[in-house]
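Visitor: I have the sequence and the model open on my bench computer. Please walk me through a few parts, one question at a time.

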Amino acid sequence: MSKRLIIAEKPSVAGDLARALGKFKKSEGFYESGDAIVTHAVGHLVELFMPNDFKPEWRFWKLENLPMIPEEFRLKPIERTKPQFNTVVRLIKRKDVNELVNACDAGREGELIFRYLYALSGTNKPFSRLWLSSMTAESIREGFKALRAASEMQGLADAAVCRSESDWLIGINGTRAFTCRIYGRVGAQMCTVGRVQTPTLAIVVDRENTIREFKKRPFWEVVATFTCAAGSYEGRWFDRAFKKDEKDPERKAERIWEEARAQEIVARVLGKTGEVAEEKKATTQLAPLLYDLTTLQRECNARFGLSASRTLQIAQALYERRKAITYPRTDSRALPENHLGVVRQTLTNLKDGAAEGGANPYAPFAGRILEQGWVRPNKRIFNDAKVSDHFAIIPTHECLRHHLVDLEAKVFDMICRRFLAVFYPAAAFEVTTRITTVEGEPFKTEGKILKEPGWLEVYGRDQQPEGQIPPVKPGEHPLADPVLSKALETKPPARYTEATLLSAMEGAGKLLDDEELGEAMKERGLGTPATRAAIIEQLLAQEYLHRLGRDLVATSKGISLIQMLRSIPVPELTSPQLTGEWESQLREMENGRLPRAKFMEQIREITRRIVEDARKYDDTKFESKVAIEAPCPKCGGKIRETFKWFACAACDFLVWKSIASKSLTVAEVEELLREKKIGPLDGFRSKAGKPFQAMLVIGADFKVSLAWDHAGGGAPGSPLEITSDKVFGQCPVCGASVRETAMAWCCEKRAKEPPECEFRISKKIKGKDIPPEQLEKLLGEGKTDLIEGFISAKHRPFKAHLTMAKGGKLGWEFAPRAGVRRKTAPRAETPAAPVAQGLTEATTVPRRARSKKGGATKKSAKSDGPEEGKAGRKA
């Protein structure tokens, strides 16, 4: 009997398919029944040849080998998953298999996984496409009744292959070209570039430059409190004649730019009564559109602090494991027009179903929607023109089957409430704008009254908001007292968070708050919903970006790369709009409106131009806007920034911008120039890649070098050099005095030859300078005060007490959090070299730190500190 071979993307999906179809027997790497076989990839099983696979000489990072443009791209199995590749190919070649089904994830990447596997297997057996938007058993069976022909998917396959090959051409050639041009060879420093990741970096760098160059401007606002018979209300002065100034966006109607003018207004109106003019207007607010992946990631970041990749991981688990939501990797916020019946069935299940493990909070809302008949044709919700490969993320009819906890429950609750809310009527408000004029000076007061909660009921926001303004009777004249002048300053734009960066990527560099405009720009966004999270993670991993709390901050390394690319210039790698156009062309290809050959010829030409630009680049022409205020320590001349260093314009003094793999910030360079030394600093790396702390000093010969606190500049482990006679306390190891070195505090016996005690505590721990008075408290009482400003390994700030146990063991103690109970603290991470981490060398880390019930959480100080909070685990 002939059989159909079904190839899924992951083992778990293969199991789900086999269970839904029924009567399958499990074997090694596949399931088999009388008429079908279900097997799986493990993500990608096949990859493109790397440069050295094409030609031996392409193994070397040399400019003369570039550009590397293969005449034809070739494929090979990925080594680590080769056993499964062999299993799948063996099944494809079985004589009883006469057709294949591509059951990989329904999207561009899933199509690529299958097409590469199919091509490398060498088969020509016919195949069809399973296209699922839900992983329930019923949806799977329905999907097999409506398999798509391979020809229907050719546009998607072409776009997938073009994406893969264009990333190879631009990423590999660009990275090698700029690395060779700037650093001469590959090593600890690399100029990693990519078709999507580099324009994304440019967005963050532009914001960082705007913040750094921002000049604060003082302004004043005048606020008056008005008293009437029914109570009091505040009004803010504004300029009636104000007109928006495109050249100066900081100018606003309520801002006063001269203090004297603000004081004049205060003096004029204080203690006087005013005339009231009022306008009331009815407004409505529609429920937000259904979620696509990017919107879900943005809101999870804003509400729970989850990274984009963590949100995708949770959503994928809700889709695959829990069968609770539809396919999450979608860029659509609408449903198909024939989906009304599916929606009514899902609402019925939400109304009648009992949530496993607890009450069903969605039943009242689902019931009301059905009773009122609110599920009806509506282009805002049901619109085929706004549905791409997949429709919006909504609950499935099996969504209450599993008991969800923690973050899965929170993300599902967001999706379910958004689904319910979109069918509710709009919320209705009455907006009051009151102008109180005193002595010719107008003051504006705005109030908002909730008339009909509408969809706000679903979120429990159906109560009247605070802040209603008291009514003023006809003919009443409110008294202005007190009247205050508030001195304020303009502020730079906020740094990007993952939420706002995802918005900017979706709008190709433009932050789009308007939902309808955002929908129009999706075709030209950076990356796809499925890839944006990975792009951000790549930038973090390559240390082009750091996390600071929820903010994303461009590092010196990232800023230098964008500066260099723009000084050449290479707009193809720095312009979000151009990259957005490429993404738009890939969409056109998916829809069969752009030939694959035309797109790839364009990419090849861009690759040649990038390499040629890198070859011709003269880094002496690099121009920086950064102003270095500190003078040259050698001759007093002006220090200017070049691509590789900060150099004196009048002599040969220079400071390399990157030393031992650490990129120096402008602030660090300024301090080094002024003080002739700085440190200890974190972020240096040895040739073996191990992190370490060190100081930077300018020597008598005006050369900048690394320095430690070891006597005579000796290696770690040699005697330390005491720099102060002050005693800070007793050594917890041997009882001798603790004194100061350039980088740390240590036992005075550590300065002997050979050292008689190993006790040492760095002055800087987790990016925080430890005040001497806290060290004295630590040595005397065994615990510091609560110290703020530590930075974790993931660049998140946290606060904690430092503790010291008997024998000098250093640890963390975290204040208890309201409403959070933890049975045990996370396992402490294996410590790196003590000198590298800047902690006590006498410390030994327990295998598991414990927390007292109801008390503070304790943890070894050699771990990274609190990486997870109520805002989201491992965000």
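**Hairpins, a helix and the whole chain**

Visitor: In β27, which residue is the bridge partner of Gln 730?

Guide: Happy to help! This is a predicted model, where local features need pLDDT of at least 70, side-chain atom pairs count only at pLDDT 80 or more, and totals for chains, interfaces and linings use all residues. Residues are numbered from 1 along each chain as its sequence is written, while side-chain values use heavy atoms and leave out hydrogens and water. In β27, the partner of Gln 730 is Ser 737.

Visitor: How many residues lie between β26 and β27 in their hairpin?

Guide: Strands are DSSP runs of E with at least two residues, and helices are runs of H or I with at least four, numbered from the N terminus. β26 (residues 724–730) and β27 (residues 737–740) pair in the antiparallel sense over three bridges; pairing takes at least two bridges found by DSSP. In the turn, Gly 735 has a positive phi of about 90°. The number of residues between the two strands is six.

Visitor: In β14, which residue is the bridge partner of Arg 236 and of Ile 435?

Guide: Strand β14 (residues 441–452) is joined by two bridges to β11 (residues 231–237), which runs antiparallel to it. Another antiparallel neighbour, β13 (residues 427–438), is joined to β14 by 11 bridges. For Arg 236 the partner in β14 is Lys 444, and for Ile 435 the partner is also Lys 444.

Visitor: What is the phi of Glu 439, in the turn between β13 and β14?

Guide: β13 and β14 form a hairpin with two residues between them. Glu 439 sits in that turn, and its phi is positive, about 50°.

Visitor: How far apart are the end C-alpha atoms of α4?

Guide: α4 (residues 108–121) has 14 residues. The expected span is 1.5 Å times one less than the number of residues, so α4 should span 20 Å. The end C-alpha atoms agree with that, at a distance of 20 Å.

Visitor: Why is α4 called largely enclosed, and how many of its residues are buried?

Guide: Buried means under 20% relative accessible area, exposed over 50%, and partly exposed in between (1.4 Å probe, protein chains only). Among the buried residues of α4 are Ile 113, Phe 114 and Tyr 118. α4 is largely enclosed by the rest of the structure because its buried residues number 11 of the 14.

Visitor: What share of the whole protein chain is buried?

Guide: The protein chain has 23 helices and 35 strands. Of its 875 residues, the buried share is 52%.
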